[in-house]
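Me: I would like a close look at one part of this model, the nonpolar interior. Please take it piece by piece and give the cut-offs as you go.

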Amino acid sequence: MLNFLRAEFWRYFRRPAGKALMILSLGLPAALNVYVWLCNIWLEADSTILYTLADSLGIGIVLMPYAGIFLLMAIVDVAFADEKRLSTVKNSLSAGIPRGVLYSGKIISGLLLAFFHLGAAWASALGTGVLLLPLPEEADLSEIFRTLGNLFAEVIPLWLGALGVLYLLYFCFRNGLAAALAVAVGSFFLSVVLLSLNFPFAEFLAKMQFFTLLMEVLLDTGVSSELSAGVLARFWLAGGGYFAGSVLLGWIFFRRHDLS
């Protein structure tokens, strides 16, 4: 398994798309801090209050849930590398790699790559922010880090569920990206339809949809330094359910699918 994971990482970062995603993960947070720094130069000329690191991180907190989903789709697409369409999955099995190792290795490597990109992005945000922007008051900085911790607690299970769904689609369809985009559009419209209906379980089902949960992260008071156990449990139930169900369905399909 370790050899398979090393091979997946080597192949991912050897591809130009993998390198480009790494550059984006490091460069976009840094670009945000540069933008805020340029705003401060403009504000300093007018002798007004300057933006601090807490303000820049606050912008990142708002953008992170949605940017993370799109980045996750790109990571899975690059990591899977069109193996269904190009029939390289069959080649891997012919080389003696067991189906269980190939299937679980793909998912584990996707998880590790996603967390690697997440860590790199926030390291870039904090590193360049400390270099370019004024540090806020200790109370403000503590507040923003508590909010960031709560946001991670909410969106990580959603990203986990999204990753499970993505790998299910990539293992089941020749064009995984097209299938993922179709499911994303379908999930959005399903959320809208469910929220407009009045039967007893419609609201519950709507609240378990990705787009409903993401909108709640952005608009609800859940994105604050306070987070209720009930809200957190629902996010982990939804994300964990999507992940576990997708992984199980994907394995059932992949184990029985004839790749010859």
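Reply: What follows covers the nonpolar cores, then one helix pair, then one residue.

This is a predicted model, in which local features need pLDDT of at least 70, side-chain atom pairs count only at pLDDT 80 or more, and totals for chains, interfaces and linings use all residues. Residues are numbered from 1 along each chain as its sequence is written, and side-chain values use heavy atoms, with hydrogens and water left out.

A nonpolar core here is a set of buried Ala, Val, Leu, Ile, Met, Phe, Trp, Tyr and Cys residues joined through side-chain atoms within 4.5 Å; buried means under 20% relative accessible area with a 1.4 Å probe, protein chains only. The largest such core has 42 residues, of which Met64, Trp122 and Tyr167 touch the most other members. Helix α7 (138-172) gives the largest share, 13 residues. Helices are DSSP runs of H or I, at least four residues, numbered from the N terminus.

Leaving aside neighbours within four places in sequence, Trp122 is in contact with Leu57, Gly60, Ile61, Met64, Leu148 and Phe152, contact being heavy atoms within 4.5 Å. A second, separate core of five residues includes Leu158, Val231, Phe235 and Ala238.

Among the elements that give two or more residues to the largest core are α1 and α3. In their pairing, Glu8, Arg11 and Tyr12 of α1 meet Ile75, Val78, Ala79 and Phe80 of α3.

Ser246 lies in helix α11 (residues 229-256). Its relative accessibility is 6%, so Ser246 counts as buried. Apart from neighbours within four places in sequence, Ser246 is in contact with Tyr103, Gly164, Val165 and Leu168.

Terms used: Buried < 20%, exposed > 50% of the residue type's maximum accessible area, 1.4 Å probe, protein only.
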